[in-house]
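Me: I should like to learn how to read the features of a protein model, one at a time. Please show me the structure, and then let us begin.

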Amino acid sequence: MTTDRLRCYRCGASGDRSSRSRCPCGEPRWFDTDGGYDPADPPDDHGVWRYRDLLPVDEPQGLAVAAGGTPLVRTAGLDAFAGCRTWVKDEAEHPTGSFKDRGSAVGVADALERGVSTVGTVSHGNMAMSVAAHAAAVDLDCVVLVPADIPSERLAIIDRYDPTILRIDGDYGRLYAESLRIGDSLDIAFLNSDVPTRVAGQKTTMLELLDAWRPSAPDAVVMPVSSGGHASGAWKAIRDLRDGGALPGTPKLCFVQAAACAPVATAFEADAETVTPVEPGETIAYSIANADPPSGTRALAAAQATDGAVVSVDDDEIRAARRRFARDAGFAVETASATTLAGARRLAADGVVGPDDRIVLVATGSGLKESAEASAPDPAAVALDELAGTLATRFE
Ligand SMILES: *Cc1c(COP(=O)(O)O)cnc(C)c1O
Ligand SMILES: [Zn+2]
């Protein structure tokens, strides 16, 4: 079980659970853990709740039961392109198609335990769907704040879960902190991208893949990074296991960003200690375009502390990797998730990982929701009467 204390990863200052704000040093906090998880004798529970000894809440409710427990599969077909030996952690298997369900499950369980009646989030994609789905499953009200220019097909899929959706005019970047402030005064639990309960839930991605590898550990884990919330969870998982004497080895944490919006990669390349905001450009990997990531510096620290790296890849590299994922391994990954394969290729070329190294690509989300965004082909039209003849000439 975790304690009720929140602690700053950087300066170590603690705060109680009700103080939802950041540490006075400016950095985000995460839950203190007492380290009780025993991999040889895990609780008899499903998905993320198997790690309830390391989570701040332990009551699975409704849909929350379905979070976690995703497969880890060997993908030999991707090795040649990546330049190392690859495995995929398939987060698309979640009810709403992304790893965000891990954090939403824990966040919603925590909101219920605290008697909060409304949850919310700031998101234009996966997190919006995920929070709305988990709220609906336990009859909590839900408010989703989306940017004014959100594509209508994404609105439609969020709307399926019946949240109150508000389009926000103004600086969407400022909304992150502003929503937490408003939430505090109105008692709405905003489950934004790096709040402590979400980070606690999202550390289970790493806990699961390390358990799957025991007794050894993979050489590196590659994840796309936007806010840095998932990356923070991965690092916290390693620290929890180390503190509890149950860490089988430390994989290099390697993060990937889209070149058009790469504040964490830029800071890593400059060997900086903190991430500074960038001017955002357009990228097809819209789920990871965050010019001012709230846990960017924490993600940077995670890569540095584990001997990992942060790289950026351009849209052409992401398109090529998206196609390789599909053609060579059968995965229709979300565009943001395709960055992991492009990133692995870059890491291998740079010598951060070697050809025999075992690398886990965290495929964070499903591409099956993305049809309108992906570049559509223009297939040849064939009359039914001519089909046999056409196939005969093409394939005989
Ligand atoms: C949210 C998201 C990310 C980035 O996660 P952060 O915790 O914000 O860094 C990556 N891929 C997909 C598919 C996502 O939905
Ligand atoms: Zn601090």
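Me: How much space lies in the largest cavity?

Reply: First, a word on the basis: this is a predicted model, in which local features need pLDDT of at least 70 and side-chain atom pairs count only at pLDDT 80 or more, while totals for chains, interfaces and linings use all residues. Residues are numbered from 1 along each chain as its sequence is written, chains are lettered from A and ligands numbered from 1 in the order in which they are written, and side-chain values use heavy atoms, with hydrogens and water left out. A cavity is a set of points, on a 1 Å grid over the protein atoms alone, where a 1.4 Å probe fits but cannot get out. Grid points are joined across faces, edges and corners, and a volume is the space filled by probe spheres set on the points. In this structure, the largest cavity holds about 90 Å³ of space. The count comes to 3 cavities of 30 Å³ or more.

Me: Which residues are the closest to the centre of the largest cavity?

Reply: Lining residues have an atom within 4 Å of a point. Here 12 residues line the largest cavity, and N126, R154, Y286, K369 and E370 are the closest to its centre. Helices (H or I, at least four residues) and strands (E, at least two) are DSSP runs, numbered from the N terminus. Helix 3 (126-137) and helix 4 (152-159) each supply at least two residues of this lining.

Me: How should a metal site be read, and which protein donors does the zinc ion (ligand 2) have?

Reply: Donors are N, O and S atoms within 2.8 Å of the metal (3.2 Å for Na, K and Ca); water is not among the atoms, so sites may look incomplete. For the zinc ion (ligand 2), the protein donors are the SG atoms of C8, C11, C23 and C25, at 2.2 to 2.4 Å. Along the chain these donors follow the spacing C-x2-C-x11-C-x1-C. Within this set, C11 and C25 link distant parts of the chain: C11 is in the loop between strand 1 (2-8) and strand 2 (14-16), and C25, 14 residues apart from it, is in the loop between strand 2 and strand 3 (29-33).

Me: Why is the arrangement around the zinc ion (ligand 2) called tetrahedral?

Reply: Four donors count as tetrahedral if all angles lie between 85 and 135 degrees. The 4 donor atoms here subtend angles of 99 to 123°, and therefore the arrangement is tetrahedral.

Me: Are C11 and C25 buried or exposed?

Reply: Buried means under 20% relative accessible area, exposed over 50%, and partly exposed in between (1.4 Å probe, protein chains only). C11 is partly exposed at 45%, and C25 is partly exposed at 31%.

Me: How many salt bridges does the structure hold?

Reply: Side chains of opposite charge can pair when their charged atoms come close. A salt bridge is a side-chain nitrogen of Lys or Arg within 4 Å of a carboxyl oxygen of Asp or Glu. The structure holds 19 salt bridges. One of them joins D240 and K203, at 2.6 Å from N to O. D240 is in helix 8 (residues 229-243), whereas K203 is in the loop between helix 6 (196-202) and helix 7 (204-213), 37 residues apart. Both D240 and K203 are buried.

Me: Which residue forms a salt bridge with D219?

Reply: The partner of D219 is R358, the closest N and O atoms being 3.7 Å apart. D219 lies in the loop between helix 7 and strand 10 (220-224) and R358 in strand 13 (residues 358-363), so the pair ties together parts that are 139 residues apart in sequence. D219 is partly exposed at 29% relative accessibility, and R358 is partly exposed at 22%. Elsewhere, K89, E91, R102 and E208 are linked in a network of salt bridges.

Me: How many disulfides does a search of the whole structure find?

Reply: A disulfide is a pair of cysteine sulfur atoms within 2.5 Å. The search finds 0 disulfides. For C254, the closest cysteine sulfur is in C84, 9.5 Å away, which is too far for a bond. C254 is buried, with a relative accessible area of 0%.

Technical notes: Tetrahedral: all angles 85-135°; square planar, octahedral: opposite > 155°, others 65-115°. 1 Å grid on protein atoms, 1.4 Å probe; cavity = no way out; pocket = protein on both sides within 12 Å on 5 of 7 lines; lining within 4 Å.
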